[in-house]
Amino acid sequence: MYNPQLNAQGELVHLLTTEGLPRRILTQILDRAGEFMAEVDAGNKKFPTLAGRSVFNLFFENSTRTRTTFEIAAKRLSADVTSLNIQASSTAKGETLLDTIHNLEAMGADLFVVRHAQSGAAHLIAQHVKPGIAVVNAGDGRHAHPTQALLDMYTIRHYKGDFTNLRVAIVGDILHSRVARSQIHALSTLGCPEIRVIAPKTLLPTGIESLGVHVYHDMAEGLADVDVVAMLRLQNERMSGAYLPSTQEFFKHYGLTEEKLGYAKPDAIVMHPGPMNRGVEIDSAVADGERAVILPQVTFGIAVRMAVMEIVANNQQQAR
Ligand code: CP
């Protein structure tokens, strides 16, 4: 089946979604990220891979972690990095997304990192860039956030070793979450045998079971004996109605407390993509507790984004 992320040889040339990516490519990214982590741990923080290439960070939506770690990753690969200030750009004067892209191409762009509120924005750009230019999706609407899912997979593999005997629970606002979708596709491709989603009915997309997940509405049942608890934020900016009686009510039933974490395995890890809303989806005692791996996720994100940019840029170079 045609996959716009892959070239004729089946190599990754854009990263737009984890859906449909073969296991060999997910593993290639995780393995390369592991090599970068080892190098950085040994004190080597600069690599010549993207020397002379121009990376443009285009964040049409707010971001702390993704934007900053992409920038650090590109600099570690020796790229020339430009982070466009969207608020001060000509998009505010009505310039279209594709006109902006074509102008940046005219400035010598080699790789675009794009976050946009519109689902499909990164796909659209990938369809219209010149041959040899790579596009990496840094989150589009409620559709996909592939590098977040990949750093989550890296984190799980780091702490648990393997995917093939794990129970993973994804908890919270599944309906509006691009992270949840990308995690489910990646976990499934990597062989995770049991993926659970835990949420109130109002925060679950219809037909989610078709992705192969088990649905729970109760934390005691859903968290029972899981190895990984992946929390999600309530995506208030994507809600256009009343999905919940109140955030207090949500916390009471779905907020991760020490007590509820007690249903999971004793060595279960707790992940969160950030930004966290303490007291809404997660209690501070858990967020700052021994089983939380939330800050290591951020660190791993740099290595994962280095791996992704290196792989797509190298594969695109062959198209020039
Ligand atoms: N996880 C994540 O995407 O965080 P930011 O919105 O801060 O980039």
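How do the residues of the shell around the ligand divide into nonpolar, polar and charged? The shell comprises one nonpolar, six polar and two charged residues, where Ala, Val, Leu, Ile, Met, Phe, Trp, Tyr, Cys and Pro count as nonpolar, Asp, Glu, Lys and Arg as charged, and the others, Gly among them, as polar.

This is a predicted model, in which local features need pLDDT of at least 70 and side-chain atom pairs count only at pLDDT 80 or more, while totals for chains, interfaces and linings use all residues. Residues are numbered from 1 along each chain as its sequence is written, and side-chain values use heavy atoms, with hydrogens and water left out.

Around the ligand, with a heavy atom within 4 Å of it, stand S63, T64, R65, T66, R115, H145, Q148, P273 and G274. Domain 1 (23-143 + 299-317) and domain 2 (146-294) each supply at least three residues of this shell, the bounds coming from an automatic or database domain assignment.

The table gives polar contacts, that is, pairs of N or O atoms within 3.5 Å.

| Residue and atom | Ligand atom | Distance |
|---|---|---|
| T66, polar side-chain atom | oxygen | 2.6 Å |
| R115, side-chain N or O atom | oxygen | 2.9 Å |
| G274, polar backbone atom | nitrogen | 3.1 Å |

Of the 260 Å² of accessible area that the ligand has on its own, the protein covers 92%, as computed by the Shrake-Rupley method with a 1.4 Å probe.

Note on methods
Polar contact = N/O pair within 3.5 Å; in protein donor to acceptor, adjacent residues only side chain to side chain.
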